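Hi there,

Here is the structure I promised to pass on to you. Have a look at it first, and my notes follow below.

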Amino acid sequence: MRRLRLMPAPAQSRDDLAFDFSAAAGAPPVEWCIAEGLTEYENAVTEMEARADAIAAGAARERVWLVEHPPLYTSGTSGRDGDLRDPHLPVHRSGRGGQATYHGPGQRVAYVMLDLRRRRQDVRAFVAALEAWIIATLAAFNVHGERREDRVGVWVARPDKPPGLSGQGAEDKIAALGIRVRRWVTFHGIALNVEPDLSHFSGIVPCGVSAAHLGVTSLVDLGLPVTMPEVDAMLRREFEAIFGATDLPRHVSAGRVPVFRT
C-alpha cells in the first residue's frame, strides 16, 4: 500500500491574519504613557525588562510607552557587523528581533508591553497586528502604508524616485518594528518616522535592506507637517481599535519612569 505524504499547508500571508488582539473580558486597560524629552536607550531597556517581568508575574498592568531617544543606532538579534557602515553615533546591541536601525529625535518609538496570554499566543499574528496599527495611523494622515512579506515594517511607494535596476518601483520605509517575547509578554516595539534627521540612516544598512530603490522616509519628508502630539493621538486611537482600551497612569514611580504627558 502506498503511503500518502502530507504536505504542510502554506503559511498565511500577514495580510490574511486576524488583527484583533483585544484582551480577555474584564482585563484592565493598557497604561498609555508618553515620556517628556529624550529617554536614554539603556534606561528604557532596563525599565521595559522590569515592567515585562512584573506583567508576567501578574504584578503590573500592560503598558505602551512612547519615547524619543537621543541619536543612536541599535543592532538586533539578527544584526551583522557589516550593517554598521559608518557608525558615527553610539551603537547599542539590543535583544529585540531584527537588524540595525536608527533612533533619534523626531522619531516616535512605542514600546509595547502586552501579555499575549490574555490575548492571543501567536507571535506572527502579533507582528502583523503591530503593522496594521502603523498602517491605520498613517491612513489617518492620508498616507498609504503597506507591508511586504519579505520585509518586516511598513513601506510607502515612491513613484517620484528612480526605480530599481530591474524596474521595481521605489519604496521607502517609514516605520520599523522589532520585538522580544519572554514568558509570553512582549517588549520593544515600533518606530515611526515623524521628523527625524534621515541622514543618520546613511551610517547603517537599515534593517538589512540595501537595494538602491529602497530607502527611508518620514511623514514630514512626505510633505506632511504634522506634530508629535498629533501623531500620538492617532497612535492611541488606532491602537485601541486593535488592542483594546487604554488609560493614563495614576502615578509615576519616582526614578523609574520619566514624566508623562497626555
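Let me start with strand S3, which is joined to strand S4 (residues 91-93) by three bridges, the two strands running parallel. Within that pairing, Tyr73 sits opposite Val91 of S4. S3 also pairs with strand S5 (residues 100-103), this time in the antiparallel sense and over four bridges. There, Thr74 has Thr101 of S5 as its bridge partner. As for the side chains of S3 (residues 72-75), Leu72 and Thr74 point one way while Tyr73 and Ser75 point the other, and all are buried. Please keep in mind that this is a predicted model.

Now to the interior. The largest nonpolar core has 40 residues, and those with the most contacts inside it are Val64, Phe126, Leu130, Trp133 and Phe243. Among the elements that give two or more residues to this core are strand S1 (30-34), strand S2 (63-67), strand S6 (107-113), helix H2 (123-139) and helix H3 (228-243). Helix H2 gives the most, with 10 residues. Another core, of 19 residues, lies apart from this one; Ala35, Ala52, Ala60 and Phe187 are among its members.

You may enjoy the aromatic residues. The count comes to 10 aromatic pairs. In one of them, the ring centres of Trp65 and Tyr111 are 6.2 Å apart and the planes are at 55 degrees, so the pair is tilted. Because Trp65 lies in strand S2 and Tyr111 in strand S6, this pair ties together parts that are 46 residues apart in sequence. Trp65 and Tyr111 are both buried.

A second pair is formed by Trp133 and Phe243, and it is edge-to-face, at 6.3 Å centre to centre with 75 degrees between the planes. Trp133 belongs to helix H2 and Phe243 to helix H3, so parts that are 110 residues apart in sequence are tied together here. These two residues, Trp133 and Phe243, are buried as well.

Which residues do ring pairs link into a cluster? They are Phe21, Trp32, Phe126, Trp133, Phe239 and Phe243. Phe243 is worth opening in your viewer: leaving aside residues up to four places away in sequence, Phe243 touches Phe21, Ser22, Ala23, Leu114, Arg119, Phe126, Ala129, Leu130 and Trp133.

Happy to talk it over whenever suits you.

Best wishes

Technical notes:
Residues numbered from 1 in each chain as written. Predicted model: local features only at pLDDT ≥ 70, side-chain atom pairs only at ≥ 80, totals over all residues. Heavy atoms only, no water. Core = buried A, V, L, I, M, F, W, Y, C linked by side-chain atoms within 4.5 Å. Buried < 20%, exposed > 50% of the residue type's maximum accessible area, 1.4 Å probe, protein only. Contact = heavy atoms within 4.5 Å. Phe/Tyr/Trp six-rings, centres within 6.5 Å; stacked < 30°, edge-to-face > 60°. Pairing = 2+ DSSP bridges.
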